[in-house]
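Please look over the sequence and the three-dimensional structure below before reading on. The report that follows takes up a few places in the chain and describes what surrounds them.

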Amino acid sequence: MNKRIRSALATLTMVVLLCTVCILFRNEPSTVSVLRTNDTIIYAVAYRDIDLLEDDIAYYQKQQFNIILPKNVSEAAGSRNLILILEFGNPDEMQKAVEMLNNARIPSVILIDSGYLNINVETIENTYRDAEFEFAVSFEINGYNEVDIVRAITDCRMKFYLGYGESVEILVHSCGQLFCEDMEKLTECECFANLSVFTCGNGVNKLNSSSGLLIFNRIVRLPDWSIADYFSSIAIL
């Protein structure tokens, strides 16, 4: 067993132990709510269609959205904050989307799916040079108790680390529910203080302080409504 694998296994063991302790002693959870009770709203929109993304860029620029990354949410203010998540499974479409946003100097979250080895991470890093970006990984849950969630998060982060030698702090979860609340159980788990999870929802999030996992619900951009329709009928501006 080489040194890198031994180090990774040791890290995995430590993370599991920390998560277990955290679960046993956490307080009641708080989360990023979809209800507006203050002036800070963050929208999260996921893209799986390259044409829709291209059409919407001009709208975001015209409306002067503050397009940010999860690591910068503490700097958000007002109701025109936006996080873009690229969820293209096709490597060519992902590369085109990266080039498009880099040229527009727009930051985004790039989802490396469960079959991420067919997407060239190094190429994305070399292309996305004029704007910031963050990688995300998708994960599935075999059960819905807190131990299962912790295990799923730890396993997918370790897989990414072993593949690329760097950590990932954003996860994307799809469970088929219109609104997913499974992750809320871990929002006060301090061992996940630097992690963000995107779940399913209407894409409207109220910024709320949390010492643990930061939860966002995202909406997937669909072709049967325009982005202007979304912000006029669903979102709160």
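Leaving aside residues up to four places away in sequence, which residues does V121 touch? The model in which this is asked is a predicted one. In it, V121 touches I112, F135 and Y164, when residues up to four places away in sequence are not counted. V121 itself lies in helix 4, and with a relative accessible area of 3% it is buried, because buried means under 20%. One of its partners, F135, stands 14 residues away along the chain, and the C-alpha atoms of V121 and F135 are separated by 9.1 Å.

## The chain as a whole

The chain contains six helices and nine strands. Of its 237 residues, 50% count as buried. Among the contacts between residues at least 6 apart in sequence, 71% join residues that are at least 24 apart.

## Aromatic rings

A pair of aromatic rings is described by the distance of the centres and the angle of the planes. For rings whose centres lie within 6.5 Å, the count comes to 13 aromatic pairs. One of these pairs is formed by F133 and F135, which are arranged edge-to-face, with 5.3 Å from centre to centre and 75° between the planes. F135, already met as a partner of V121, counts as buried at 8% relative accessibility.

How far apart are the ring centres of F198 and F216, and what is the angle of their planes? The centres are 5.1 Å apart and the planes stand at 20°, so this pair is stacked. F198 lies in strand 7 (residues 196-200) and F216 in strand 9 (residues 214-220), so the pair ties together parts of the chain that are 18 residues apart in sequence. F198 is buried, with a relative accessible area of 0%, and F216 is buried with a relative accessible area of 0% as well.

Elsewhere, Y43, Y59, Y60, F65, W225, Y230 and F231 form one aromatic cluster. Two of the rings named in this cluster also have a charged group placed over them: R80 lies over the face of F65, at 5.8 Å from the ring centre, and the charged end of R221 sits over the ring of W225, 5.1 Å from its centre.

## Two helices side by side

Two packed helices are described by the angle between their axes and the distance between the axes. The axes of helix 2 (residues 50-62) and helix 3 (residues 91-103) come within 10 Å and cross at roughly 10°. Angles under 35 degrees count as roughly parallel, and helix 2 and helix 3 are therefore roughly parallel to each other.

Which residues make up this contact? From helix 2 come I50, L53, E54 and I57, and these meet E93, K96, A97, M100 and L101 in helix 3. Sorted by kind, the residues of the contact of helix 2 with helix 3 divide into six nonpolar, no polar and three charged.

## Loops and the end of the chain

Two residues in loops can be set side by side by their phi angles.

| Residue | Loop | Phi | Relative accessibility |
|---|---|---|---|
| Q64 | between helix 2 and strand 2 (66-67) | near 55° | 66%, exposed |
| R105 | between helix 3 and strand 4 (108-112) | about 55° | 57%, exposed |

For Q64, the phi value is positive in a residue other than glycine, and R105 likewise has a positive phi although it is not a glycine.

Another loop, the one between helix 4 (121-127) and strand 5 (133-138), holds R129. R129 is exposed, with a relative accessible area of 61%. R129 and N102 are 27 residues apart in sequence and 6.8 Å apart in space, C-alpha to C-alpha.

Is I234, in the segment after helix 6 (227-233), to be called buried or partly exposed? At 39% relative accessibility, I234 counts as partly exposed. I234 touches N202, V204 and D229, again not counting residues up to four places away in sequence. The C-alpha atoms of I234 and G203, which are 31 residues apart along the chain, are separated by 9.0 Å.

How values were computed: Residues numbered from 1 in each chain as written. Predicted model: local features only at pLDDT ≥ 70, side-chain atom pairs only at ≥ 80, totals over all residues. Heavy atoms only, no water. Phe/Tyr/Trp six-rings, centres within 6.5 Å; stacked < 30°, edge-to-face > 60°. Buried < 20%, exposed > 50% of the residue type's maximum accessible area, 1.4 Å probe, protein only. Helix = DSSP H or I, 4+ residues; strand = E, 2+ residues; numbered from the N terminus. Lys NZ or Arg CZ within 6 Å of the ring centre and 35° of its normal. Axes fitted to C-alpha atoms, helices over the stretch in contact; angles between N-to-C directions. Parallel < 35°, antiparallel > 145°, perpendicular 65-115°, else oblique. Contact = heavy atoms within 4.5 Å. Nonpolar A, V, L, I, M, F, W, Y, C, P; charged D, E, K, R; others polar.
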